[in-house]
Amino acid sequence: GKQNCFCLSLILSLLSLAGVCVDLILFPLDTVKTRLQSPQGFRKAGGFRGIYAGVPSTAIGSFPNAAAFFITYENVKSVLHHGSASYLTPATHMVAASLGEVVACLIRVPSEVIKQRAQVSPSSSTLRILSHTLYHEGIQGLYRGYKSTVLREVKHFDLWSWKQGHVVDSWQSAVCGAFAGGFAAAVTTPLDVAKTRIMLAKAGSSNASGNVLAALGGIWRTQGLSGLFAGVVPRMAAISLGGFIFLGTYEKTRQLLL
């Protein structure tokens with residue numbers, strides 16, 4: 001009833017706050033990853049300089065993004081749980097997480113586009129990059145790479161849910177989050193590289209069309225396997241650490257309040 005609704009709201013608020021903290025703590029790893037994946041290469045994209053370039057975009061987008069994911073996730077899960085057999089639980093989690101990502105990406109993608117462009121242009125402010133994108137590309141410019149982001153996130157959560165499989169306590173959830181997150185991060189890195197190239201592509205170029213397969217093909221032809229897995233180490237490190245903190249917090253908070 002009302003108490004459960006209040007507890008769920010409190011959990012979502014705490015988790016959204018945890019999401020912001022995790023994103024900000026791990027931001028330097030994300031910047032390094034973006035610069036390794038950028039078409040101009042790590043050094044020209046800024047190297048280790050201005051490692052917090054683009055952080056305002058993440059700070060603003062992180063809270064509503066996490067909230068959108070968990071509200072959708074919990075609601076879809078509760079709807080699907082009614083009358084479904086226990087052996088379908090992993091599938092229920094996968095569907096709920098996938099739909100959660102589709103909704104969350106409506107907030108995440110614009111934030112990610114501005115963040116990544118700021119990360120490879122550390123001398124430009126976030127506000128300047130936002131106004132430049134809107135002026136030259138309009139609102140659709142902010143949704144460049146939406147398909148590749150959804151594809152990357154849905155695949156990531158499918159692998160994550162598949163690795164987890166059963167109900168676990170908070171510390172197990174944190175460890176599962178770290179290992180499953182790291183495994184899924186490694187496997188989905190080519191999709192992440194494609195997403196980065198699409199988001200950073202100049203307006204009118206082939207990658208700007210948002211075709212994921214074309215972007216992957218271009219990377220494979222010019223840079224081979226190393227290009228497809230650019231930034232895999234910082235990406236795995238960030239997602240493993242993020243998964244450890246985030247899922248552990250989520251399960252512990254849920255156990256304490258529900």
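Trainee: What percentage of the 258 residues of the protein count as buried?

Mentor: In this predicted model, 52% of the 258 residues count as buried, where buried means under 20% relative accessible area, exposed over 50% and partly exposed in between, with a 1.4 Å probe and protein chains only. Local features need pLDDT of at least 70 and side-chain atom pairs count only at pLDDT 80 or more, while totals for chains, interfaces and linings use all residues. Residues are numbered from 1 along each chain as its sequence is written, and side-chain values use heavy atoms, with hydrogens and water left out.

Trainee: What makes up the secondary structure of the protein?

Mentor: The protein has eleven helices and zero strands; helices are DSSP runs of H or I with at least four residues, strands are runs of E with at least two, and both are numbered from the N terminus. Read along the sequence, the pattern is α-α-α-α-α-α-α-α-α-α-α.

Trainee: Why is α4 called roughly perpendicular to α9?

Mentor: The axes of α4 (residues 89–119) and α9 (residues 189–200) cross at roughly 75° and come within 9 Å. Axes are lines fitted to C-alpha atoms, for helices over the stretch in contact, and angles run from 0 to 180 degrees between N-to-C directions. Angles under 35 degrees count as roughly parallel, over 145 as roughly antiparallel, 65 to 115 as roughly perpendicular and the rest as oblique. The crossing angle therefore makes α4 roughly perpendicular to α9.

Trainee: Which residues make that contact?

Mentor: From α4 they are V109, E112, V113, Q116 and R117, and from α9 they are K195, T196, M199 and L200, contact meaning heavy atoms within 4.5 Å. By class, this contact has four nonpolar, two polar and three charged residues. Here Ala, Val, Leu, Ile, Met, Phe, Trp, Tyr, Cys and Pro count as nonpolar, Asp, Glu, Lys and Arg as charged, and the others, Gly among them, as polar.

Trainee: How do you know that α2 is roughly perpendicular to α4?

Mentor: Helix α2 (residues 27–37) packs on α4 at about 75°, with the axes 9 Å apart, and that angle makes α2 roughly perpendicular to α4. The contact joins F27, D30, T31, K33, T34 and R35 of α2 to K115, Q116 and Q119 of α4. Its residues divide into one nonpolar, four polar and four charged.

Trainee: What makes up the largest nonpolar core?

Mentor: Eleven residues form this core: L12, L15, A18, F69, F70, Y73, V76, A96, A97, A104 and F246. A nonpolar core is a set of buried Ala, Val, Leu, Ile, Met, Phe, Trp, Tyr and Cys residues joined through side-chain atoms within 4.5 Å. The elements giving two or more residues are α1 (2–25), α3 (55–81) and α4, and α3 supplies the largest share, four residues.

Trainee: Why does Y73 count as buried?

Mentor: Y73 has a relative accessible area of 10%, so Y73 is buried. Its place is in helix α3, and the C-alpha atoms of Y73 and V103, 30 residues apart along the chain, are separated by 9.6 Å.

Trainee: Is S57 buried or exposed, and what does S57 touch?

Mentor: S57, in helix α3, has 8% relative accessibility and therefore counts as buried. Not counting residues up to four places away in sequence, S57 touches S111, I114, K115 and T126. A polar atom of the S57 side chain lies 2.6 Å from the backbone oxygen of S111.

Notes. Polar contact = N/O pair within 3.5 Å; in protein donor to acceptor, adjacent residues only side chain to side chain.
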